[in-house]
Amino acid sequence: MNRRTAIGAIAAGFPAILKPQNRRPNVIFMMTDDQRNDAMSCAGNKILKTPNMDRLAAGGVRFTEGFVTNPLCSPSRGTILTGLHTHAHGVTTNGGRSHQLKPGVVTYPQMLQKAGYYSAMVGKWHIATLPAGLGFDHWCILPGQGLYHDPQMIANGGRIQLRGYVDDIIGDQALETLRSRPKDKPFSMICNFKAPHRAWEPPQRYEKVFEDMVIPEPPTFHVDLSNRPQGIRNTDMQIADMPDFARRGVPPGLPKELRKPLNYQVFLKNYYRVLMGVDDNVGRVLDYLDEERLTENTIFIYTGDNGFFLGEYGMFDKRLMYEPSIRVPMLARYPGGWKGGRVDSRNMVLNNDVAHTILDYCGIERPGHMQHHGLSWRPALDGSSAAPLRESWMYEYFEYPGPHCAPIGRGVRTSRYKLIHYVQQPQAHEFFDLEKDPEERRSVYDDPSYKTEVAALTKDLERWRDITGDDRSQDNTTAPPCGNRMGQRQARN
Ligand SMILES: [Ca+2]
């Protein structure tokens, strides 16, 4: 058979046997709510055990320098879908008009679907724009934040009632989606868990774990915010003042110095318990991939939608540009595509990059509007470049006035330095040397010995705002009073 005949035979329908590296990869993107970067045993957590996240890390690359560019739930979710900064895709807050994607914004599942992928979404969605029309052949999401027990879900537009614990149900939905998918196409599935978001209600099987343990407090637990800008001093994020739903079992009426450490113990234990439930369900999906011999050819990215304060400066929640809030887990496994068992501490990687990386590995050209907003991790994953992926990246935050009263801000971070600009009046800046001050105890913005570095990052922040088309309309406006104090608030955020 000559070459021409062989090609004709394949075109006529003979099965083409391709090597794995020539097949388009499947893609699973999995995300947990509010899981910060060190809330995994593979990241050094001494209390929480996450054998399945560890298994994923062992088979792939664990980035220690994983960040989100806007540490708030819905904005981060919009960024995952689009590969854009939040001001560009439109979901800048957790509610209201700015809780929707801008009309016409393109998602990476849309691009995969158009390229012939079977595309699905299960779990927590938490954007006002529903998944219909955004690139999914099948979707099954929690309405809003969803309920912990016996939740309803919205499946392809219709409500369904389910029985059980929420993240186990999301695990069920993920497995059912994989089992029932068309087998003649590559697939893309997003699977987002809920439970680590307040009010931290664990599955029954883990309700008693850690019961007799005293969890150590972080070194800055009792450091106050008195040397911080007004916008930070005005935040409403103190563990001592946690709402009742978060401090179950702590007697009411205790003075602050007694209730703060008790609240911390209750909160941390429940936060870790719910993550154990997530880990179980990560394992169920990993098992399925192994059983179906899909592991080798499936890109699997795992992350959180934002970091979380676990007692640093006495705080909980996220939003701010301080390290506990912006750092997230970032695991990437693809045995058919890159070498596993590695820890990458050199490259800063972002939630913005997820869509870029997936599209790159699936052989889909990224449209021009995505430029400057993120990049593909390929040079880091395949080791093709010795240079770091990026020198700096931009933070942004918009939800003020709002829950927790965190100020509107922008910032830029390099591997060593961080500049934060609180853009409303009274404007303020902070600048940290993370090498000398990793806990961000003292801003050196006004320290003359940092004049050159402050000027360089100030210029770089303006550059980022320009090239990504950031809106400056809120700059220098006067911050209104923030009346949405914690005690009056519901568990929305
Ligand atoms: Ca979140």
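A residue is called buried when its relative accessible area is under 20%, exposed when that area is over 50%, and partly exposed in between, using a 1.4 Å probe and protein chains only. The model on your screen is predicted, so local features need pLDDT of at least 70 and side-chain atom pairs count only at pLDDT 80 or more, while totals for chains, interfaces and linings use all residues. Residues are numbered from 1 along each chain as its sequence is written, and side-chain values use heavy atoms, with hydrogens and water left out.

Select Cys73 to begin; with a relative accessible area of 0%, Cys73 is buried.

Next, select residues 118-124, which form strand E4; strands (E, at least two residues) and helices (H or I, at least four) are DSSP runs numbered from the N terminus. In E4, 7 of 7 residues are buried. Two strands pair if DSSP finds at least two bridges between them. Add residues 187-192, strand E8, which runs parallel to E4 and is joined to E4 by 6 bridges; in E8, Asn192 is the bridge partner of Gly123. Then add residues 138-142, strand E5, also parallel to E4 and joined to E4 by 5 bridges, where Cys140 is the bridge partner of Val122.

Finally, select Cys405 and Cys482, whose sulfur atoms are 2.0 Å apart in a disulfide, meaning a pair of cysteine sulfur atoms within 2.5 Å. Cys405 lies in the loop between strands E13 and E14, and Cys482 in the segment after helix H12, so the disulfide ties together parts that are 77 residues apart in sequence. Both cysteines are buried. Cys140, by contrast, is in no disulfide, and the nearest cysteine sulfur, that of Cys191, is 11 Å away.
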